[in-house]
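The following exercises concern strand pairing, sheet order and helix packing. Please examine the sequence and the structure before reading each solution.

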Amino acid sequence: MTQSAGSIRFILNDRDIALTSVSPTGMLLDFLRLERRLTGTKEGCAEGDCGACTVLVGRLQGKDLVYESVNACIRFTGSLNATHVVTIEHLAAKDGALHPVQQAMVDYHGSQCGFCTPGFVMSLYGLWLSKDNPGRAAIEKALQGNLCRCTGYEPIVKAAEAVGRTKPDALFDPLLKEREDIKARLKAMRSDGTICLGDAGARLIVPGSATDLAETLHTYPQATIVAGSTDVGLWVTKQMRDLDPVVFINSIEDLQSIQTNGNGITIGAGVTYAAAFEVISAHYPTFGVLLDRLGGEQVRNVGTIGGNVANGSPIGDTPPPLIALDASVTLRSKAGQRTVPLEDYFIEYGRQDRRPGEFVESIFVPSLPDGDYFAVYKISKRRDEDISALCGAFRIALDGGNRVKSARIAFGGMAGTPKRAAHVEAAVIGKLWNEETIKAAQTAFEQDYQPLTDWRATAAYRMLSAKNLLMRFFLETSGERTELVRFEVTA
């Protein structure tokens with residue numbers, strides 16, 4: 001059985017859903033609350049920041065069924081084909097007995113006003129399903145995307161620690177008890193081709209493969225491509241923009257591979273931050289820690305590195321380290337493929353080297369040669385789940401005489417695009433790697449950047465921070481500090 005071309009099909013809790021009419025900008029949160037009256041899922045911020053709308057979305061990943069926490073407020077309903085959406089209403093037993101995660105929140109007084117509680121429960125439920133007896137660090141990571149104004153977080157963390165010591169019970173838990181049945185139902189909902197709903201002015205398209213995507217964009221080069229919707233979702237919820245057509249690519253399996261060899265890593269455009277975390281952390285440790293500070297768990301579960309690059313934001317977190325690592329991007333269209341250095345992909349603010357009908361297919365990140373030093377630093381108002389004021393990435397190689405053989409330095413938040421510090425690089429190449437060289441190179445930053453003042457930071461603060469990050473990198477690589485792979489907020 002295969003998916004018909006005329007509906008979006010998914011499972012909502014225990015029921016199969018088939019939608020033949022779906023707004024391309026309709027959000028899952030509105031579908032749950034307004035159409036299905038599942039009001040346990042709350043709207044707080046409508047921008048994926050507070051976590052009150054957290055639900056789990058299960059999807060087939062090879063032979064496995066993986067459940068991830070997501071923000072329903074910025075998750076488009078049209079992106080849900082062949083998934084299992086689980087809301088707070090599905091946790092308790094049919095006789096009303098609370099789920100162990102819910103009971104732990106009661107026992108440890110983890111709720112006061114209760115508005116944020118369903119979101120916390122769903123995030124903890126996702127952790128409970130995926131990890132036995134998680135430590136405090138894992139719990140705090142799982143809750144990065146959930147905000148509470150009443151309790152503080154200690155009672156919630158204690159509830160998580162307590163329930164984490166219990167083993168998931170397949171006889172009670174609905175997602176464990178019915179796992180094989182859910183997998184079979186989702187497999188039957190998968191599409192072999194392109195799903196297209198609506199007509200001119202409100203068209204929704206779900207390609208089945210990268211080839212289908214290339215064909216779709218050849219027909220609709222003006223289409224808005226949506227992967228994780230962590231940015232595009234806000235175009236709708238905050239800017240009230242009408243989008244047509246919208247092309248959802250989150251289910252395209254041939255954009256979700258990660259391949260490694262001796263030369264480097266090739267990351268498909270549909271690979272999420274969460275999926276890329278392990279391999280990136282293994283090859284570039286400080287880059288991995290950066291990913292842990294990119295949004296909350298709900299954002300990392302759906303946001304993609306390819307989308308972060310394709311979007312071209314000057315404050316996107318992944319382009320600076322990717323540029324410092326000399327990454328390249330492969331673009332694809334119906335006419336074929338072409339590969340360009342990532343630093344050349346960003347032309348000016350709001351403009352990238354992507355021709356009509358093209359999409360980002362993959363990103364190649366070369367291996368870091370032995371002896372090269374690399375680090376990336378993020379400056380933000382709060383440590384977790386915040387947009388960068390600036391993000392700086394540094395890479396150097398030294399010769400036997402402690403002179404700089406090569407340097408690649410890139411910043412986000414300092415210009416209209418992610419941009420290399422060419423004059424700073426020139427100021428250190430060939431020089432001894434010492435404090436005198438660094439102080440001289442700091443004066444070259446004004447030749448590379450003219451940052452703006454906005455609500456995240458002043459131009460003066462950005463400039464001073466960039467210079468200080470160069471000094472920090474020097475201290476870490478010269479033996480003044482030993483924790484080169486550590487990544488701490490500096491503001």
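**Exercise 1: a strand pair and its sheet**

Determine how strand β12 (residues 328–333) and strand β13 (residues 336–341) pair, and over how many bridges.

Solution. Strands here are DSSP runs of E with at least two residues, helices are runs of H or I with at least four, and both are numbered from the N terminus. Two strands count as paired if DSSP finds at least two bridges between them. β12 and β13 pair in the antiparallel sense, over six bridges. Within this pair, S333 stands opposite G336 in β13. The two strands form a hairpin, with two residues between them.

The model is predicted: local features need pLDDT of at least 70 and side-chain atom pairs count only at pLDDT 80 or more, whereas totals for chains, interfaces and linings use all residues. Residues are numbered from 1 along each chain as its sequence is written, and side-chain values use heavy atoms, with hydrogens and water left out.

Next, establish which strands form the open sheet and in what order.

Solution. Five strands form this open sheet, in the order β10-β11-β16-β12-β13, with antiparallel pairing. Its edge strands are β10 (258–261) and β13, each of which pairs on one side only. From one strand to the next, the twist averages 20 degrees (axes are lines fitted to C-alpha atoms, for helices over the stretch in contact; angles run from 0 to 180 degrees between N-to-C directions). β12 also pairs with strand β16 (residues 359–366), in the antiparallel sense and over five bridges. There, the bridge partner of T330 is S362 in β16. Helix α8 (residues 210–219) packs on the sheet and touches β12 and β16, and its direction makes about 130 degrees with that of β16.

**Exercise 2: a helix pair**

Describe the crossing of helix α17 (residues 435–442) and helix α19 (residues 459–477).

Solution. The axes of these helices come within 10 Å and cross at roughly 160 degrees. Therefore α17 is roughly antiparallel to α19, a term for angles over 145 degrees. The contact (heavy atoms within 4.5 Å) is made by E435, I438, K439, A441 and Q442 of α17 and K467, N468, L470, M471 and F474 of α19. These residues divide into five nonpolar, two polar and three charged; Ala, Val, Leu, Ile, Met, Phe, Trp, Tyr, Cys and Pro count as nonpolar, Asp, Glu, Lys and Arg as charged, and the others, Gly among them, as polar.

**Exercise 3: the whole chain**

State how many helices and strands the chain contains.

Solution. The secondary structure comes to 19 helices and 20 strands. Along its principal axes, the C-alpha trace spans about 75 × 55 × 40 Å.

How values were computed: Parallel < 35°, antiparallel > 145°, perpendicular 65-115°, else oblique.
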